[in-house]
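Hi everyone, thanks for coming. I'd like to walk you through a structure that is probably new to most of you, so please have the sequence and the 3D view open.

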Amino acid sequence: MRLSTSLLLLAAWLPSGAALAQNAAQLYQQHCETCHGADRLGGTGPALLPESLARIKRTEALQTIRQGRPASQMAGFDQVLDAAQTEALADYLYQPPATPPTWSDADIGASHRQLANPGTLPDTPQHGADPLNLFVVVEAGNHHVVILDGDQFEPLARFPSHFALHGGPKFSPDGRYVYFASRDGWISKYDLHNLTMVAEIRAGLNTRNLAVSGDGRWVLVGNYLPGGLVLLDARDLSLVGSIATPLADGMPSRVSAVYTAPRRQSFVVALKDVQEVWELSYAGQPDFIPRRIPARDFLDDFSFTPDHRYLLATSRKAHGGQVIDLDSGATIRDIALPGMPHLGSGIYWQRGDSWVFATPNISKGLISVLDLHTWNVIKEIPTEGPGFFMRSHRNSPYAWTDVFFGPDNDAVHLIDKQTLAVAHTLRPMPGKNAAHVEFTRDGRYLLLSVWDTDGALIIYDSHSLQEIKRIPMNKPSGKYNVGNKIEYAEGTSH
Ligand code: DHE
C-alpha cells in the first residue's frame, strides 16, 4: 500500500510524455538550434532529422549529446543536461518535426555559393604531381578530404568537407574537377589543378548521390528528402531546375541512386518508391524529360555492364537481382542472389574469353560472381563475413574485398580473378576494420582504408603485397583515383 502510494506520488511528480516532448523542444531551442538550425535542417552543424540520423544508433546519438564530437564544434552537454533531459532530447531528434520540412528551388538557389571563379584560375595543374594519378581520399572520421599525390603518396591538400560525404565523388571528364555530395544535401565542386573549392549548393535535405554527365555539362543529384532529382550546371553548380519523381498520389518518390552512362549519353536513375528506372538523355540540347522504363520491383541500386546497355539492379525486397535492357526497356532476367547484394559496389573483369561481374553482399559472407553473357551465377565465394566494397585493376590478378561486418572485419580477401578462389587473406591492422581499396592508375600499388579512429591508409605493392607506406588517418573511407575514375576503368565501380 505504501509502495503504490509512493509510485503514484512519483508518477505525479514525473513529467508526462507530452511535457517531456515540450521540454525537449525547449532544450533543442536553447542548446542546439544555433548550430543545427531552428527547423533542424542544419546550419554550421548537420541536419538533425530522422532521415539524417537513420544510420546513427541511438546510443551513439546519446553519447554525442553527452560528450560532443572530437575534432568538431560539437560540445558535450553532460554538465548541462541530466540523464532524462538527454534521453528526451534524443527522442525528440528521432521524431519527424511537427511541420514536414521543405526545400524548394528558392531554398536551393539561395544556398548557392561561388567560392572561386575558375575563369581566373590557371588551367594547368599548380602542384607538380601527375593530375591523372591523384587520389581523392574521404577522411570520414573528421569530415575532411585529402588530395594525395599517387606517385609519392604525399598529401597535397587537406580541407574540411560538409558533414558526412557519401558515395563516390564524381569527376569532370578531364579530371580537373571533383564533385562531392554530403548526406545533408550539400554538393561541392573542387578544382584539383588549383587545389581550391570553387562552388557549393545545398540541393536537398537528404541526398543519395550525384552523377556528372559524360560531357561534363551537368550534375544530377538524387534525393531522399525531399524526394526527387535536382539538375545543376556543372560549371558553377547553379540550379538549372528540379525534376519531380511523382508517385500516383502526388507524393514524390525517393531516388535510390543516379549514375551516368557515358556510352549512352544519359543519366540512369533508380527510384525507391516507384517501380521504374528513368533514363534522361543529355545529348545535344537536352529537355531532361525522363524515359520511364518499368521495373519488376522497387530498385535500391544497380551496376552497368561495361557497354552500359544492361543494368544489374537489386531490390532488397525481392532478395535478388534483375537484368534490365536499356535498349528495349525489358527486364530480361531475374537473378537469384542471396542476402543483400551491394550491386553498386560490384565490379567486372575479363576472365578468359568472357566478362564476369562480382558483387559484395552486405548481409551474407559471400561474393556472387555472374557471367555477363549468360547471366548465370557461376560462383558464390565464401568470405569471413558480409562486406561492402570490391576493387580491382586490369593489371592486378586479384579482386580485393572487405569483410566489413562481424568479428572478422579486420580481414580483406584477395580473390584470384581467374580461379575465383580466395588466394590470400590479409589482416592489415589486426582487430581494426579493413575496408575500401583503390588502385593507382597503372595498378602497381593500391591504397587500403583501415576504418578506425586510429586508422590508416595503407599502401601496398599490388603484386608482391608488401606494405609500402602507412599514413595515419581517422576513419578513411573511400578513395578515388582520378585516372581510373574518368576512364571508367575495369575493376572500379561506377
Ligand atoms: Fe554507401 C557508395 C548506398 C551505407 C560508404 N553507397 C554508395 C552508393 C550507394 C550507396 C547507392 C553509390 C553512390 C555513388 O558512388 O555514386 N550506402 C548505401 C546504402 O544504401 C547504405 C547501405 C545505407 C545508407 O545509409 O545509405 C550505405 N555507405 C554506407 C555506409 O555505412 C558507409 C560504409 C559509410 C558512410 O559513408 O556512410 C558507406 N558508400 C560508401 C562509400 C561509397 C558508397 C565509401 C563509395 C564506394 C566507391 O568505391 O565508389
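Let me begin with a small puzzle: is Asp 191 buried or exposed? One note before the answer: what you see is a predicted model. Now, look for Asp 191 in strand β7, which covers residues 186-191. Asp 191 is buried, because its relative accessible area is 0%, and buried means under 20%. Its side chain has a partner, too: a polar atom there lies 2.8 Å from the backbone nitrogen of His 193.

Let's stay with buried residues for a moment and go to Asn 223, in strand β10. Asn 223 has a relative accessibility of 1%, so this residue counts as buried as well. What does the side chain of Asn 223 make a polar contact with? The partner is the side chain of Thr 207, at 2.6 Å.

Follow the chain a little further and you reach the loop between β10 (218-225) and β11 (227-233), where Pro 226 has its place. Please zoom in on the peptide bond from Leu 225 to Pro 226: this bond is cis, with an omega near -15°.

While we are talking about backbone angles, here are two more residues to find. Phe 153 sits in the loop between β3 (144-149) and β4 (154-160). Its phi is near 55°, which is a positive value in a residue other than glycine. Phe 153 is also buried, since its relative accessible area is 4%. The other residue is His 494, in the segment after α7. His 494 is not a glycine either, and its phi is positive, near 35°. Please remember His 494, as we will meet this residue again.

Now to the ligand. Which residues come nearest to it? There are 22 residues around the ligand, and the nearest are Arg 55, His 166, Lys 170, Arg 183 and His 436. If you take Lys 170 from that group, you will find a polar atom of its side chain 2.5 Å from an oxygen atom of the ligand. Arg 208 also has a side-chain N or O atom by a ligand oxygen, at 2.8 Å. For Asn 209, the distance from a side-chain N or O atom to an oxygen of the ligand is 2.8 Å. As for the elements behind this shell, β9 (206-212) and β33 (476-481) are the ones that give two or more residues to it. The largest share comes from β33, with 3 residues. By residue class, the shell divides into 7 nonpolar, 8 polar and 7 charged.

Next, let's look for empty space. Rolling a probe the size of a water molecule over the atoms shows where such space is left. I'd like to show you the second largest pocket, which has a volume of about 370 Å³. How many residues line this pocket? The lining is made of 26 residues, and here is His 494 again, among those nearest the pocket's centre together with Thr 260, His 308, Lys 485 and Tyr 488. Several elements, namely β5 (170-171), β9, β13 (255-261), β17 (301-304) and α7 (482-486), supply at least two lining residues each. The lining splits into 12 nonpolar, 11 polar and 3 charged residues.

Let's turn to a helix. Helix α5, residues 83-94, has 12 residues and spans 17 Å from its first C-alpha to its last, close to the 16 Å expected at 1.5 Å a residue. At the start of α5, a side-chain oxygen of Asp 82 comes within 3.2 Å of the backbone nitrogen of Ala 84. And which residues of α5 are buried? They are Thr 86, Ala 88, Leu 89, Ala 90 and Leu 93.

I'll finish with a pair of distances. Ile 335 is in strand β20, residues 331-335, and counts as buried because its relative accessibility is 5%. The C-alpha of Ile 335 is 9.5 Å from that of Ala 313, with their positions 22 residues apart along the chain. Gln 26, in helix α2 (residues 17-36), is partly exposed, because its relative accessible area is 41%. From the C-alpha of Gln 26 to that of Arg 291, 265 residues apart along the chain, the separation is 48 Å.

That's my tour. Thanks for listening!

Notes: Residues numbered from 1 in each chain as written. Predicted model: local features only at pLDDT ≥ 70, side-chain atom pairs only at ≥ 80, totals over all residues. Heavy atoms only, no water. Near = heavy atom within 4 Å. Polar contact = N/O pair within 3.5 Å; in protein donor to acceptor, adjacent residues only side chain to side chain. Helix = DSSP H or I, 4+ residues; strand = E, 2+ residues; numbered from the N terminus. Nonpolar A, V, L, I, M, F, W, Y, C, P; charged D, E, K, R; others polar. 1 Å grid on protein atoms, 1.4 Å probe; cavity = no way out; pocket = protein on both sides within 12 Å on 5 of 7 lines; lining within 4 Å. Points joined across faces, edges and corners; volume = space filled by probe spheres on them. Expected span 1.5 Å × (residues − 1). Buried < 20%, exposed > 50% of the residue type's maximum accessible area, 1.4 Å probe, protein only.
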